[in-house]
Amino acid sequence: AGFDPRQATPEQAIVAVNAPTLLLHGEDDTLIPVEHSIAIDRASGGKTKLVTLPGRGHLSIWIDKEQETSR
């Protein structure tokens with residue numbers, strides 16, 4: 001694609017996004033720490049809305065028996 005993927009970061013990519021973006025992140029995610037979404041949110045210049053879900057991990061935000069994610 002004409003770039004070095006080791007130099008690509010979500011924080012750089014979000015700057016080019018023109019659409020409002022919702023970020024959902026489980027606070028107990030052990031695969032991708034919530035700090036990653038916090039950094040993307042900060043870098044977005046106000047174009048994102050970050051919702052963190054207490055007690056949720058990487059996949060448990062999609063296994064949503066209580067429909068917390070849907071709300």
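## Report on a predicted α-β-α-β model

The mean pLDDT of this protein is 88, and 93% of its residues reach 70 or more. The structure is a predicted model. Among its elements, helix H1 (residues 10-15) has the lowest confidence, with a mean of 93, while helix H2 (residues 34-43) has the highest, at 97.

### Overall architecture

Two helices and two strands make up the secondary structure of the protein. Read from the N terminus, these elements follow the order α-β-α-β. Along the principal axes, the C-alpha atoms occupy a box of roughly 40 × 25 × 20 Å.

The chain of the protein holds 71 residues, of which 23% are buried. The protein exposes about 5300 Å², and 56% of this area is supplied by carbon and sulfur atoms. Where contacts link residues at least 6 apart in sequence, 62% of them join residues at least 24 apart.

### The loop between H2 and E2

Ser44 is located in the loop that lies between H2 and strand E2 (48-53). This residue has a relative accessibility of 3%, and because that is under 20%, Ser44 counts as buried. Its side chain takes part in two contacts described here. A polar atom of the Ser44 side chain lies 2.9 Å from the backbone oxygen of Asp41. The side chain of Ser44 is also joined to the side chain of Thr48 by a polar contact of 2.9 Å.

### The segment after E2

Ile61 belongs to the segment after E2, and Trp62 is placed in the segment after E2 as well. What is the relative accessible area of Ile61, and is this residue buried or exposed? The value for Ile61 is 4%, which is under the 20% limit, so the residue is buried. The C-alpha atom of Ile61 is separated by 8.1 Å from that of Leu24, although the two residues are 37 residues apart along the chain.

Trp62, by contrast, has a relative accessible area of 60%; because this is over 50%, Trp62 is exposed. Trp62 forms a nonpolar surface patch with Leu59 and Ile63, and together the three residues have about 390 Å² of accessible area.

### Accessibility of selected residues

The table gathers the values for the three residues discussed above.

| Residue | Relative accessible area | Class |
|---|---|---|
| Ser44 | 3% | buried |
| Ile61 | 4% | buried |
| Trp62 | 60% | exposed |

In summary, Ser44 is buried and has a side-chain polar contact with Thr48, whereas Trp62 is exposed and belongs to a nonpolar patch on the surface.

Terms used
Residues numbered from 1 in each chain as written. Predicted model: local features only at pLDDT ≥ 70, side-chain atom pairs only at ≥ 80, totals over all residues. Heavy atoms only, no water. pLDDT = per-residue confidence, 0-100. Helix = DSSP H or I, 4+ residues; strand = E, 2+ residues; numbered from the N terminus. Buried < 20%, exposed > 50% of the residue type's maximum accessible area, 1.4 Å probe, protein only. Polar contact = N/O pair within 3.5 Å; in protein donor to acceptor, adjacent residues only side chain to side chain. Patch = residues over 30% accessible without salt bridge, like charges linked within 9 Å, V, L, I, M, F, W, Y side chains within 5 Å. Areas by Shrake-Rupley, 256 points an atom, 1.4 Å probe, with all protein chains shown as cover. Salt bridge = Lys/Arg side-chain N within 4 Å of Asp/Glu carboxyl O. Contact = heavy atoms within 4.5 Å.
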